[in-house]
Amino acid sequence: MKGILKFKNNDSSVKDVDIKKGILNQHNWSQPHGKFNVLSEDSKGLYFESEPLIKTTYSQDTLKLYEAGIIKEHSVGFITVQSEFDTNEKARIIKEIKLLEGSNVTLGANENTPFTGFKSMTLEQTNSQVNKI
């Protein structure tokens, strides 16, 4: 069965989300990278920015994998709150979720979750910020 996540295309659908939720490495709760700084929804979907990755070996490895283009996608962990089955689409339409976390992933369920770059920082600058933490 396929699923379709419907977005409301406004901030009301994410306004109640605790942006202190974690950014995880490959959905692994024992490998947190940091927290959301910005979480919003636009016509393309869910948008986020996070604080610099914490100084751990797995976070440093993740930065290298981003740089090499191996990690290019993202994913979210969520609980479905409201959904319905659309017989025309032959799919479950997910209308409301409870967001648990966001993750960098090697291969996401949705390929339309690209890494769009480090906001105004090079990898070297990002690493420098991480080293200060």
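**Entry 1. Aromatic pairs**

I searched the whole structure, a predicted model, for aromatic pairs and found 1. The rings in question are those of Phe 36 and Phe 48, with centres 5.6 Å apart and planes at 75 degrees, so I entered the pair as edge-to-face. Phe 36 belongs to strand 3 and Phe 48 to strand 4, so the pair ties together parts that are 12 residues apart in sequence. I then looked up the accessibility of each partner. Phe 36 is buried, at a relative accessible area of 5%. Phe 48, at 29% relative accessibility, is partly exposed.

**Entry 2. The strands that carry the pair**

I next examined how strand 3 (residues 28–42) and strand 4 (residues 45–50) are arranged. They pair in the antiparallel sense, over 6 bridges. The connection between strand 3 and strand 4 is a hairpin of 2 residues. Which residue of strand 4 is the bridge partner of Leu 39? I found Phe 48 in that place. Phe 48 is thus recorded twice in these notes, as a ring partner of Phe 36 and as the bridge partner of Leu 39.

**Entry 3. The whole chain**

I stepped back to the overall layout. I counted 2 helices and 6 strands. Read from the N terminus, their order is β-β-β-β-α-β-β-α. The protein has 133 residues, and 28% of them count as buried. I noted an accessible surface of about 8800 Å², with 50% of that area belonging to carbon and sulfur atoms. For contacts between residues at least 6 apart in sequence, I recorded that 59% join residues at least 24 apart.

**Entry 4. Helix 1 and what follows**

I listed the buried positions of helix 1, which spans residues 57–67. They are Tyr 58, Ser 59, Gln 60, Thr 62, Leu 63 and Tyr 66. As a reminder on spacing, I noted that an α-helix has 3.6 residues a turn, so residues three or four places apart point the same way. After helix 1 comes Gly 69, with a positive phi near 80 degrees.

**Entry 5. His 74**

I turned to His 74, a residue of strand 5 (residues 73–86). Is His 74 buried or exposed? Its relative accessible area is 12%, under the 20% limit, so I entered His 74 as buried. The side chain of His 74 makes a polar contact of 2.8 Å with the side chain of Tyr 66, and Tyr 66 is one of the buried residues of helix 1. Leaving aside neighbours within four places in sequence, I found His 74 in contact with Phe 48, Tyr 66, Ser 103, Asn 104, Val 105, Thr 113, Pro 114 and Phe 115. Phe 48 in this list is the residue already noted in the aromatic pair.

**Entry 6. The loop between strand 2 and strand 3**

I checked backbone angles in the loop between strand 2 (22–25) and strand 3, where Gln 26 is found. Phi of Gln 26 is positive, near 55 degrees, although the residue is not glycine. His 27 has its place in the loop between strand 2 and strand 3 as well. Phi of His 27 is also positive in a residue other than glycine, near 65 degrees. I recorded Gln 26 as partly exposed at 35% relative accessibility, and His 27 as partly exposed at 31%.

**Entry 7. Side-chain partners of the loop**

I followed the side chain of His 27 first. What does it meet in a polar contact of 2.5 Å? The partner is the side chain of Glu 101, a residue of strand 6. Glu 101 is buried, at 3% relative accessibility. Beyond the four nearest places in sequence, I found Glu 101 in contact with residues including Gly 22, Leu 24, His 27 and Trp 29; Ser 75, Val 76 and Gly 77 are also among its contacts.

For Gln 26, I traced a polar contact of 2.9 Å between its side chain and that of Thr 106. Thr 106 sits in the loop between strand 6 (91–105) and helix 2 (123–132). With a relative accessible area of 44%, Thr 106 is partly exposed. Apart from neighbours within four places in sequence, Thr 106 is in contact with Gln 26, Ile 70 and Ile 71. Thr 106 and Ile 70 are 36 residues apart along the chain, and I noted 6.6 Å between their C-alpha atoms.

Definitions and conventions: Residues numbered from 1 in each chain as written. Predicted model: local features only at pLDDT ≥ 70, side-chain atom pairs only at ≥ 80, totals over all residues. Heavy atoms only, no water. Helix = DSSP H or I, 4+ residues; strand = E, 2+ residues; numbered from the N terminus. Buried < 20%, exposed > 50% of the residue type's maximum accessible area, 1.4 Å probe, protein only. Contact = heavy atoms within 4.5 Å. Polar contact = N/O pair within 3.5 Å; in protein donor to acceptor, adjacent residues only side chain to side chain. Areas by Shrake-Rupley, 256 points an atom, 1.4 Å probe, with all protein chains shown as cover. Pairing = 2+ DSSP bridges. Phe/Tyr/Trp six-rings, centres within 6.5 Å; stacked < 30°, edge-to-face > 60°.
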